[in-house]
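Visitor: I would like a close look at one part of this model, the charged side-chain pairs and the strands beside them. Please keep the cut-offs explicit.

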Amino acid sequence: MNRSLLSIDVRVEERSELDEVIALEGATVGKNCRLRRVIIGEDCVVPDNTVIGFDPEIDKQRFVCSDKGVVLVTRDMFE
């Protein structure tokens, strides 16, 4: 983890890399994830092997992205 902020009850599984991530209460990041400049919503479960924040075009198709490159993900986006 690099320059990230995790709220209470956040779980990060093994071999996941977080860079400038904010994870809100109850969030879970699966195994082997790579997340950069991401805000993870409450109770959101990021599946194993997810990559977010490295390809803006792909991120825009799946998530909410700011003009500055910050990606917002919520649990509804993975259901």
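Visitor: To start at one end of the network, is Arg-3 buried or exposed, and at what relative accessibility?

Guide: Arg-3 counts as exposed because its relative accessibility is 65%; buried means under 20% relative accessible area, exposed over 50%, and partly exposed in between (1.4 Å probe, protein chains only). The model is predicted, so local features need pLDDT of at least 70 and side-chain atom pairs pLDDT 80 or more, while totals for chains, interfaces and linings use all residues. Residues are numbered from 1 along each chain as its sequence is written, and side-chain values use heavy atoms, with hydrogens and water left out.

The side chain of Arg-3 forms a salt bridge with that of Glu-20, with an N to O distance of 3.2 Å. This pair links distant parts of the chain, 17 residues apart: Arg-3 is in the segment before β1, and Glu-20 is in the loop between β3 (17-19) and β4. A salt bridge here is a side-chain nitrogen of Lys or Arg within 4 Å of a carboxyl oxygen of Asp or Glu. By this rule there are five salt bridges. Strands are DSSP runs of E, at least two residues, and helices runs of H or I, at least four, numbered from the N terminus.

Glu-20 is partly exposed, at 28% relative accessibility. Glu-20 also forms a salt bridge with Arg-37, the closest N and O atoms being 3.6 Å apart. Arg-37 lies in the loop between β6 (34-36) and β7, so its pairing with Glu-20 ties together parts 17 residues apart in sequence. Arg-37, at 32%, counts as partly exposed.

Another salt bridge joins Arg-75 and Asp-43, with closest N and O atoms 3.9 Å apart. Arg-75 is in the segment after β11 (71-73) and Asp-43 in the loop between β7 and β8, so this pair ties together parts 32 residues apart. Arg-75 is partly exposed at 43%, and Asp-43 is partly exposed at 40%. Through shared partners, salt bridges join Arg-3, Glu-20 and Arg-37 into one network.

Several strands named above belong to an open, mixed sheet of five, in the order β1-β4-β7-β11-β10. Its edge strands, β1 and β10 (64-65), each pair on one side only; two strands pair if DSSP finds at least two bridges between them. Strands β4 (residues 22-23) and β7 (residues 38-40) run parallel over two bridges, and Ala-23 has Ile-40 in β7 as its bridge partner.
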